[in-house]
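Please look over the sequence and the model below before reading on. The report then walks through the fold.

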Amino acid sequence: MKLLALHSSPIPIHGISGRNSIEKSIFFSGCSLGIPANKRCTDARKSSASLDFRVRAVGSVGSSQKTANVNEPDKIKTDKDVVFVAGATGRVGSRTVRELLKLGFQVRAGVRSAQRAQTLVESVRQMKLDDSSGSKPVEKLEIIECDLENQGGIGAAIGNASIVICCIGASEKEVFDITGPYRIDYKATENLINAATVAKVDHFILVSSLGTNKIGFPAAILNLFWGVLIWKRKAEEALMASGLPYTIVRPGGMERPTDAFKETHNLTLSPDDTLFGGLVSNLQVAELMACMAKNTRLSYCKVVEAIAETTAPLTPMEELLAKIPSKRELPPEPPIPAPKPEDVVVQSEASKPRPLSPYSMYDDLKPPTSPTPTPSSSLDLQEKEQAKFTPQKHQPLSPYTVYADMKPPTSPMPSLPKY
């Protein structure tokens, strides 16, 4: 067997076996894991040559290993960039994982069997993002083995995720399993809600179905499948009663539309108990939930019914969400704490910006700058005003006025004769 490399360092992947209730952990790493032959997966030969993994037992639930410590949610600090997706190998769940990775989230993908996650991991490896950091989407993906019908390991599976997205549902292929909708759509979802409440996650997004709270078509038709909408409604009520900030998505029929459905049909959102039917693609629902995870305040405590129509205008999802009323009053945003004095980093000499000119070292050789004119005082202003009204002396036109004493004497005036 080879190793499923998802991270540069070992990542604990917790799982619960439904038969013997013994908790195990899967480690995906960049190096080979040597394990005893009796611990090897019996289906390893059936795995593809390009993607394999190994399992190593860490301990039971009651042991003092790391697994036991992870089960204490009050000691785990949630990370706002981490999302746990239940049902990550399903049609909606797998697309939701990829859409979350496109938005920069780290995803803990909850699956029943890591063998079934091979297709998901390969699809993530083929993703190409416009990310200047150079990180690969697969480096932000963790595969978590978790059985939601067993409450013991759900808290460890959620880990440090701040947002939980539930995409699970009873298999439509198992039509003869009369307990499927009750076990999966209600009890398993309720177990996840309870674990998320204990973990104090910031937001819970649940995929339900159109018509869960209606009588008549299409609810009557869908409830022929062992009351699936009845149990989905019970799960909705459990989420709303939990006290968690939530968003419930009720999509229309998703069986027939392909991913190309969005090219001809634009998404529309309506308040709860508004629509009676309609179609929407799995990809459109996945994009919607990724948008909700990015804008939790915009989707705070809302029940949204989603379909796609050819006549609907192409509208950003944020605008569509803003029109849906909330079931609770939105709490005020927490104030931004002021930085502590010890957290203020003094700019060191090495971190100061370098001058662009190479001649900055010759600052002392620059020519002196022109003196700055000093503003006139009030006394000077008064003298200038008086000078405007002082009569000026007439300046002589001749340049020889300085030689006035050197001029010849003037001729005497003749006197009048006497008679």
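What follows covers the overall make-up, the sheet, the cores, the cavity and two unusual backbone positions.

**Overall make-up**

This is a predicted model. The protein has 10 helices and 10 strands. Of its 419 residues, 40% count as buried. Among contacts with a separation of 6 or more, 74% link residues 24 or more positions apart.

**The sheet**

Eight strands form an open sheet with mixed pairing. Their order is S5-S4-S3-S6-S7-S8-S10-S9. S5 (141–145) and S9 are the edge strands, and each pairs on one side only. Neighbouring strands are turned by 25° against each other on average, direction ignored. Helix H7 (residues 228–241) packs on this sheet and touches strands S7 (203–207) and S8 (246–251). The direction of H7 makes about 160° with that of S8.

Strand S3 (residues 79–86) has a partner on either side in the strand order, S4 and S6. S3 runs parallel to S6 (residues 161–166), and five bridges join the two. S3 also runs parallel to S4 (residues 106–111), again with five bridges. The table lists individual pairs along S3.

| Residue in S3 | Opposite residue | Strand of the opposite residue |
|---|---|---|
| Asp 79 | Ala 161 | S6 |
| Val 83 | Ile 163 | S6 |
| Ala 86 | Gly 110 | S4 |

**The nonpolar cores**

The largest nonpolar core holds 45 residues. Which of them touch the most other members? They are Val 85, Val 97, Leu 100, Ile 143, Ile 165, Leu 269 and Met 289. Helix H8 (282–294) gives the most to this core, with seven residues.

Val 97 shows how such a residue is surrounded. Leaving aside neighbours within four places in sequence, Val 97 is in contact with Val 85, Ala 88, Val 107, Ala 109, Leu 120 and Leu 141. Val 85 is thus named twice: it is a contact of Val 97 and is listed with Val 97 among the core members that touch the most others.

There is also a second, separate core of 32 residues. Its members include Ala 157, Ile 158, Tyr 246 and Tyr 300.

**The cavity**

The model has one cavity of 30 Å³ or more. The largest cavity has a volume of about 50 Å³. Its lining consists of Ile 168, Asp 185, Thr 189, Leu 206, Val 207, Ser 208, Lys 232 and Ala 235. Helix H5 (180–199), S7 and H7 each supply at least two residues of that lining. H7 and S7 have already appeared together, as H7 touches S7 where the helix packs on the sheet.

**Two positive phi angles**

Most residues other than glycine have a negative phi. Two positions in this model call for a look on that count.

Asp 273 is not a glycine, yet has a positive phi of about 60°. The residue is found in the loop between strand S9 (266–271) and helix H8 (282–294).

Cys 301 also has a positive phi, of about 50°, and is not a glycine either. Cys 301 lies in the loop between H8 and strand S10 (302–309).

Are these two residues buried or exposed? Asp 273 is partly exposed, because its relative accessible area is 32%. Cys 301 counts as buried, because its relative accessibility is 0% and the cut-off for buried is under 20%. H8 borders both loops: the one with Asp 273 and the one with Cys 301.

Key
Residues are numbered from 1 along each chain as its sequence is written. This is a predicted model: local features need pLDDT of at least 70, side-chain atom pairs count only at pLDDT 80 or more; totals for chains, interfaces and linings use all residues. Side-chain values use heavy atoms; hydrogens and water are left out. Helices (H or I, at least four residues) and strands (E, at least two) are DSSP runs, numbered from the N terminus. Buried means under 20% relative accessible area, exposed over 50%, partly exposed in between (1.4 Å probe, protein chains only). A nonpolar core is a set of buried Ala, Val, Leu, Ile, Met, Phe, Trp, Tyr and Cys residues joined through side-chain atoms within 4.5 Å. Contact means heavy atoms within 4.5 Å. Two strands pair if DSSP finds at least two bridges between them. Axes are lines fitted to C-alpha atoms, for helices over the stretch in contact, and angles run from 0 to 180 degrees between N-to-C directions. On a 1 Å grid over the protein atoms alone, a cavity is a set of points where a 1.4 Å probe fits but cannot get out, and a pocket is an open set with protein on both sides within 12 Å along at least five of seven lines; lining residues have an atom within 4 Å of a point. Grid points are joined across faces, edges and corners, and a volume is the space filled by probe spheres set on the points.
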